[in-house]
Amino acid sequence: MATFNLFNYLEPPNAFYEFERIYSAQQWAKKQRWIVDYLTEFQPDVIGFQEAFSIESLKTLLQQAGYHYFAVVDEPQVIDEFIYKRPVVAIASRFVISEVAAVQHDEELAHIMGLSADFTFSRKVLRATLIMPHIGDVDCYVVHFKSKRPLLEVEQNNQLAPEQNIIAHLKADIAGGWGSTIQRGSEATLLMLEMIKRREDTQTPMLLMGDFNNNLIDGVLSHLLTDSLRFAPAFDSKSYLVKYCLNDAWDLFIKSQLSDPEQNQSLPELKRTPTHYFGASSSVLDYILLSCEFDASYDDSFYEVSDYHTYDRHLINPEFERDDQSTDHGVVMITLTLRC
């Protein structure tokens, strides 16, 4: 299973965001070849994509690579004939996709949370029910949460003094940045509530993957990994709660290594690889979260996370000919192994 930010997948002569941002024929061919090369080398069975503009082109590319099941629940926005914005998420699978839907949030809960009546996800969340070997139906959610780009933008005003311009930008950056954080955290919260509701109704195993645009542990999205209740009755709460909680695939991978004496010797060398770099800083923004059916420590689990891989050669050691039109994110892939 892999999550893959495509970074402006838009077929020329269309432009992304601004009229001059158009791939040449050579650049487009290189971008498509880079994607196919990754799929050929690593062979993921299921891929959640972000930043897809050209839906039919992506679908055709994936069918040629052996992915016969493909779905989207939205389409990008065209703002001026050939200029596109708001790319969408997509899913491709070698396994049958039996159901596809766009997640609809609970408006009453959104109101209680203090959100406006017109609140929407910045990108529609895709839910696809896959028929996976041995386990059967699995609800796979693909997301691209709101970025950290401030919601407010201020243009340079030549009528203002330099210091006043700086102050205006500072205010916009602070307020707009917090607005983006509220949006991103609200998206994750409302999605999690819908996942819990769906789990209660169907008991279907869950998998959430995508570009979260945030580290999971800094507080804004940490509730996605909630595994305890502050005021719940103590009696048997843990056994009920585990069914509705998600686990970070990286943590499950480490847990599986700890349970294997042979692998345990190399554990000190394991360190999570960043998926995004900005200047001198790096962070993990791309995640795969799983329900208890994929946790080897859960008695009734079917699978365990036996491998966790972040493909980042194009970020840390790029070669122009090979990586010129790749992506600005690492590609995260996990391997699920059937438990004996």
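Let's start with strand 15: five of its five residues are buried, so this strand is largely enclosed by the rest of the structure. Keep in mind that you're looking at a predicted model. Asp286, Ile288 and Leu290 point one way from the strand, Tyr287 and Leu289 point the other way, and all of them are buried.

**The sheet around strand 15**

Where does strand 15 sit in its sheet? The sheet is an open one with six strands, in the order 8-9-10-11-15-12, and its pairing is mixed. At the edges you'll find strand 8 (97-102) and strand 12 (247-248), each of which pairs on one side only. In general, strands of a sheet pair through backbone hydrogen bonds, either parallel or antiparallel.

Strand 15, residues 286-290, pairs with strand 12 in the antiparallel sense over two bridges. Asparagine 247 has leucine 290 as its bridge partner there, and aspartate 248 has leucine 289. Strand 15 also pairs with strand 11, again antiparallel, over five bridges. Here leucine 290 turns up once more, this time as the bridge partner of leucine 207.

Is strand 11 buried or exposed? Six of its six residues are buried, so strand 11 is largely enclosed by the rest of the structure. Strand 11 pairs with strand 10 too, but in the parallel sense, over six bridges. One spot to look for is valine 143, which stands opposite glycine 210 in strand 11.

**A helix across the sheet**

Helix 4 (residues 162-202) lies across strand 8, strand 9 (126-132), strand 10 (136-144) and strand 11 (206-211). Helix 4 runs at about 170° to strand 10.

Now zoom in on serine 186, which is found in helix 4. With a relative accessible area of 7%, serine 186 falls under the 20% cut-off, so it counts as buried. What does its side chain meet? A polar atom of that side chain lies 2.7 Å from the backbone oxygen of isoleucine 182. Leaving aside neighbours within four places in sequence, serine 186 is in contact with Met113, Leu115 and Phe119.

**Nonpolar cores**

In soluble globular proteins, nonpolar side chains tend to be buried together. In this model, the largest nonpolar core has 31 residues, and Ile91, Leu290, Ile334 and Leu336 touch the most other members. So which elements give two or more residues to this core? They are strand 7 (88-93), strand 9, strand 10, strand 11, helix 6 (249-258), strand 15, strand 16 (303-311) and strand 17 (331-338). There's also a second, separate core of 30 residues, which includes Phe4, Phe53, Leu61 and Ala90.

Take isoleucine 334 from the largest core. Not counting residues up to four places away in sequence, isoleucine 334 touches Met1, Ala249, Ile288, Leu290, Val305, Asp307 and Tyr308. Two of those names should ring a bell: Ile288 and Leu290 point one way from strand 15.

**Cysteines without a bridge**

A disulfide is a covalent bond between the sulfur atoms of two cysteines. How many disulfides are there in this model? The count comes to zero. The sulfur of cysteine 140 is 16 Å from the closest cysteine sulfur, the one in cysteine 292, and that's too far for a bond. Cysteine 292 is in no disulfide either, as the nearest cysteine sulfur to it, that of cysteine 245, is 8.7 Å away.

**How accessible are these residues?**

Here are four of the residues side by side.

| Residue | Relative accessible area | State |
|---|---|---|
| Cysteine 140 | 0% | buried |
| Cysteine 292 | 1% | buried |
| Serine 186 | 7% | buried |
| Asparagine 317 | 48% | partly exposed |

**A stop in a loop**

Where is asparagine 317 found? Look in the loop between helix 8 (313-316) and helix 9 (320-323). Asparagine 317 touches Arg322 and Asp323, not counting residues up to four places away in sequence. From asparagine 317 to glycine 176 is 141 residues in sequence and 34 Å in space, C-alpha to C-alpha.

Conventions:
Residues numbered from 1 in each chain as written. Predicted model: local features only at pLDDT ≥ 70, side-chain atom pairs only at ≥ 80, totals over all residues. Heavy atoms only, no water. Pairing = 2+ DSSP bridges. Helix = DSSP H or I, 4+ residues; strand = E, 2+ residues; numbered from the N terminus. Contact = heavy atoms within 4.5 Å. Axes fitted to C-alpha atoms, helices over the stretch in contact; angles between N-to-C directions. Buried < 20%, exposed > 50% of the residue type's maximum accessible area, 1.4 Å probe, protein only. Disulfide = S-S within 2.5 Å. Polar contact = N/O pair within 3.5 Å; in protein donor to acceptor, adjacent residues only side chain to side chain. Core = buried A, V, L, I, M, F, W, Y, C linked by side-chain atoms within 4.5 Å.
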